[in-house]
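This briefing covers a few local features of one protein chain. Please keep the sequence and the structure open while reading.

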Amino acid sequence: MQNLKNISKKLSKIWKKVYIVWWWCREKYLNWKYNWDIDLATDAKPEEISMVLNVIKEVGKKYWTLIILEWNETFEITTFRSDIWILNNRKPVEVKFCTELNLDSKRRDFSFNSIYFDIENEIFIDPENWIKDIDDKIIRFVWDVEKRIEEDALRILRFIRFKYKYWFKDAQDNYFDIVKSKIHLLNNISIERIKDEIDKILLLENNTKALEELINLWFFKEILPEVHNLINTPWWPSHHLEWNVWIHTSITLIELNKIFSNDFLLPDNKWNIWKITFSQQDKLDLTRTLLLHDIWKFETYSIDENKNVH
C-alpha cells in the first residue's frame, strides 16, 4: 500500500486524486484474500500523470490508459471517462473523458464495479450507493442492462462469472431473458477473449452451476455447438443412469471438483500416502478435458430397433 500512497501524494501535488477500482474494491469489502494486481482511476489527464509519475508504457492513447512504475510495482491508471459510439459490441469508436468521479461511475458494467477506494483517506467512495448490492449479494448491471451488453457483449460472460464466483442473485427477474436475447452478440467478440472468460469460469469452485446457466442461455449453441449437443445425445439406462450426455458431463465435473477441493491422496506400492496438489493450469487442463471428452457422441450415436443407444 505504501507505493499507492506515494502515487496519491505525487498526484495531490497537482491537485489530482487517484482511486483503486474494479475487483480489488469488492473483494476488499468482502474481506476476500485479494492479490495486488491493482487498477487505478484518476481525474488527471495523461500529460498531467506524466509530469509527476513514472510512465513506462502507454496502453492506448485513445483510451488514456497508462502503465506506471512506483519503485518495483507497476499499476494501470486510467483517466475518468465515459465510452460512446461502440463498434461491434466491443470497441468504443470515440471516448469522452471527464474529471468527475460520479460520471465515471455511471459508465461501468456492474454496480459492484462502480465503487472506488480513496487511497489517501483509505475509505470507500460509493457515489450511487451500490455497496448495498454487495451486502445483499446482488449482481446488477449499471442502469440499462441492454445498453451495457450492447456496449460490450463480453459482459454476458462476466455476468455469469461474477454471479457464480460470489453466489450473487440477479437484481432483476428479467436478466435471464434479456441476456439470452443478446447471446448472439458474442459472435462479434474475438474467440481469444471468449476463451479467456470461459477459462475463468471453468476455474470457479461451482463451475457446473455456471456452465448449466450458459447451456440454458444457449451460449454453447451459439459459440460451441458441440457442447450444446450433449443435451441432445441420449444414453440408454443399461449403460448409464444419466438421461443424456450433458448430465453425465456435469457429474464428472462435480466429481473432479471434489478431488480438487480435497487434493488427492494416492497410495504407492508400499502403502505410503502421497498427497497430490493441483496447479491452476492442472485444474484448467483437466476441467477442459472433461467438459469436451464426449462431444463427438452426438455425431456418432444411433438407436437400434430395441431402442438401445449405441
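**Helix α10 and what follows**

After α10 comes Trp218, which has a positive phi, near 65°. The model is predicted. The points below take helix α10, then a lysine in a loop, then a nonpolar patch on the surface.

Helix α10
- Helix α10 spans residues 207–216 and is mostly covered, with seven of its ten residues buried.
- The buried residues of α10 include the polar or charged Asn207, Thr208 and Glu213.
- Ala210, Leu211, Leu214 and Ile215 are also among the buried residues of α10.

Lys182
- Lys182 sits in the loop that lies between α8 (175–181) and α9 (191–202).
- Is Lys182 buried or exposed? Lys182 counts as buried because its relative accessible area is 12%, and the cut-off for buried is under 20%.
- Leaving aside residues up to four places away in sequence, Lys182 touches Glu146, Ile149, Glu150 and Ile156.
- With one of these residues, Glu146, Lys182 makes a polar contact from side chain to side chain, at 3.3 Å.

Nonpolar surface patch
- Which residues make the nonpolar surface patch of about 330 Å²? The patch is made by Trp243, Ile247 and Ile251.
- Ile247 belongs to helix α13, which covers residues 245–262.
- Ile247 has a relative accessible area of 34%, so this residue is partly exposed; the patch takes residues with over 30% relative accessible area.

Methods:
Residues are numbered from 1 along each chain as its sequence is written. This is a predicted model: local features need pLDDT of at least 70, side-chain atom pairs count only at pLDDT 80 or more; totals for chains, interfaces and linings use all residues. Side-chain values use heavy atoms; hydrogens and water are left out. Buried means under 20% relative accessible area, exposed over 50%, partly exposed in between (1.4 Å probe, protein chains only). Helices (H or I, at least four residues) and strands (E, at least two) are DSSP runs, numbered from the N terminus. A polar contact is a pair of N or O atoms within 3.5 Å; within protein, one must be able to donate a hydrogen and the other to accept it, and residues adjacent in sequence count only if both atoms are side-chain atoms. Contact means heavy atoms within 4.5 Å. Patches are made of residues with over 30% relative accessible area and no salt bridge: like charges are joined within 9 Å, nonpolar side chains (Val, Leu, Ile, Met, Phe, Trp, Tyr) within 5 Å. Accessible areas come from the Shrake-Rupley method with a 1.4 Å probe; for residues, only the protein chains shown count as cover. A salt bridge is a side-chain nitrogen of Lys or Arg within 4 Å of a carboxyl oxygen of Asp or Glu.
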